[in-house]
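User: Hi! I'd like to get to know this model before I head back to the bench. Could you walk me through it?

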Amino acid sequence: MCGLIGYNGIGQAAHFIFSGLQKLEYRGYDSAGLATITDGLLQYKKDIGKLEEVESIHHISQLPGHVGIGHVRWAAHGKVDQVNAHPQFDEGHNIAVVHNGIVENARELRCCLENTHSFVSTTDTEVIPFLLAQYYHQKGSLIAAIASAIAELRGPFAFLAMSCYDPGKFFACAREMPLLFVSTPTGYMAASDVNSFPDGCNQVYTLEDGQIAEVTSQGFVFYDSTGSIIEKQPEMLARQASAIYVNSSEYYMMREIREQPRAVEQAIEQSAADMQAAAQAIKEAQNVIFTACGTSRHAALMGRYLFSRISKRMSEVIIGSEFKYFSDAICQDSVVIAISQSGETADVMDGVRTARTKNAKVISLVNHHASQLARLSDIVFPLKCGTENAVAATKSYMAQITVLTLLSHYLAGQQHDILKKLKDIIPLVEIAYETNLKRAESLARYIAKYNACYFIARGSNFHIAMEAALKMKEVSYVHGEGMPAGELKHGTLALIEKGTPIVAICPADYTFDDTLCNIEEAKARGAFIIGVSDKHHRIFDVWCKIPKVDEILYPFVAIVPLQELAYFTALARGVNPDRPRNLAKSITVK
Ligand code: M6R
């Protein structure tokens, strides 16, 4: 997703910005650009493609000057082309802007401005420099221009602006989107993601509610959304290093799959006081709602199951983007549990903001401590799994289900028993990984030839079918569909033909016999059955063996071979599993 960086200092701005943008590559983007100021003039280069491609053509890291702004763009408004890449400019090319988020009323603003100005791009962003130029000419100050312009913008945003009207500075402004500031040994930086700062920069300022920052070579001056100076205190940020990689020729996704035993080990370490407080709030709540998207939502489905099974507490899972449509039932006695690796997913944030306006209590599970979600939560459980670089979520999911398993047991007053069981599961996750590596690789060659693959399971394993299907489609582009095994005969069975791959997650638990009936139905129509189980059955064409574990802990071991399967299917199809087309790591637009 889009990322932005600004620098002002004694160093070569473009150099610092370029290396910061490289650290944002994992988020996914389709074009890149950079602008600096020298001798009072704006200089810029931008193009479609990866940073190294743009660099090899335009040498963006070599642009001269000590002040600059840079951007990687993931197209949301306007197609992927050079003109739409950022920076965007006002008509006179006196103001440059890089922008994250969506200007929701861009169409209306363009209509008003188009009477007197001509736009060159099809982005929503371009209205920002146009508005800034218009207000600068009226007010004679860039801070005043920003304050007036943002009063017209609808939707969440973060942007950096730079102008030859005030060439020694850059400006920053954000509403409901992350924008962070640090001082470095050579200057002052702003960025949308803490990962892009140089190591050791841990004192971070943040912007909220349309606040504005002026970044000079001497430091920061902060303003509120009306342009009045305000004081801000930095926060200490505990940055987490990613695990050390053993083999650098591997894709991130496989490294992160392998890091999962460690993810469980680290996620177990939660504050007992926070667990107790969260459990108490959940017990007292009138209703308990999980909200999340994608993989995090699948973890939430496991949470819902565990709350019911272990704690006898009914809860609901609402997809982030649908949350607001249920807001009538949210009140101050509701507990909302938001799950997000990035803590920046716009759809989740939207729901959480809705919950906050209703005074609901917000508990979050989040990997990025400096995220908006963490800041808006009453209780935060950090996932502690280190940076997840692959777009596909793997180890963050493992950390999420670990925390949810703990929480459900705190809720039932059984925290002591579960801690031991979770520690015992760590080597078994590793065994699930080792045992299936070769098998997943050869099975992938079979699946790669098909256009679709179906995943079925029941009860506590149902969400694994959903998660495995998401992994498959996301990284290999083989359509994956997961469903409760009992649903197969209510429609999807019509799609089963000779050889159609069906993955049945059927550990030897209380779901085994019932799932087997559904497998028989599929087999009778010619399906190729891949059984994921600790118990063999003659009906399996291929058996992915997983270790025997406590009934509620099968998801910890069952997901591993299926992540491997998705990974190897991507490789078998010649696709880069780390960078699926059209997707980004953190989806900060609605
Ligand atoms: O950062 P989040 O956990 O909020 O992200 C939610 C989804 O966008 C994410 O899980 C997505 O589905 C993954 N790419 C799936 O592998």
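User: Which pocket does the ligand take up?
Analyst: Happy to help! Keep in mind that this is a predicted model. The ligand occupies the space of the second largest pocket.

User: And which elements give two or more residues to the shell around the ligand?
Analyst: Those are helix 9, covering residues 294-311, and helix 14, covering residues 462-476.

User: What's the mix of residues in that shell, by nonpolar, polar and charged?
Analyst: The shell around the ligand has 5 nonpolar residues, 7 polar ones and 2 charged ones.

User: Which of the 14 residues around the ligand come nearest?
Analyst: The nearest are S296, S340, S342, T345 and E474.

User: Let's take T345. What does its side chain sit next to?
Analyst: An N or O atom in the T345 side chain is 2.5 Å from an oxygen atom of the ligand.

User: And which ligand atom does E474 meet?
Analyst: That one is a nitrogen atom of the ligand, with a polar side-chain atom of E474 lying 2.5 Å away.

User: What about the backbone of Q341, how far is it from a ligand oxygen?
Analyst: A backbone N or O atom of Q341 is 2.7 Å from an oxygen atom of the ligand.

User: How much of the ligand does the protein bury?
Analyst: The protein buries 91% of the 410 Å² that the ligand exposes when taken alone.

User: Changing topic: how many aromatic pairs are there?
Analyst: The count comes to 16 aromatic pairs. One of them is formed by Y205 and F222, a tilted pair with 5.2 Å centre to centre and 40 degrees between the planes.

User: Where do Y205 and F222 sit in the chain?
Analyst: Y205 is in strand 11, residues 203-206, and F222 is in strand 13, residues 220-223. The two are 17 residues apart, and their pair links distant parts of the chain.

User: Now the backbone. Which residues does a cis peptide bond join?
Analyst: H86 and P87 are joined by a cis peptide bond, with omega at about 5 degrees. P87 is in the loop between strand 4 (67-73) and strand 5 (88-89).

User: Last one: what is phi of D209, and where does that residue lie?
Analyst: Phi of D209 is near 50 degrees, a positive value in a residue other than glycine. D209 lies in the loop between strand 11 and strand 12, the latter being residues 211-215.

Note on methods
Residues numbered from 1 in each chain as written. Predicted model: local features only at pLDDT ≥ 70, side-chain atom pairs only at ≥ 80, totals over all residues. Heavy atoms only, no water. Near = heavy atom within 4 Å. Polar contact = N/O pair within 3.5 Å; in protein donor to acceptor, adjacent residues only side chain to side chain. Areas by Shrake-Rupley, 256 points an atom, 1.4 Å probe, with all protein chains shown as cover. 1 Å grid on protein atoms, 1.4 Å probe; cavity = no way out; pocket = protein on both sides within 12 Å on 5 of 7 lines; lining within 4 Å. Sits in = over half its atoms within 2 Å of the grid points. Helix = DSSP H or I, 4+ residues; strand = E, 2+ residues; numbered from the N terminus. Nonpolar A, V, L, I, M, F, W, Y, C, P; charged D, E, K, R; others polar. Phe/Tyr/Trp six-rings, centres within 6.5 Å; stacked < 30°, edge-to-face > 60°.
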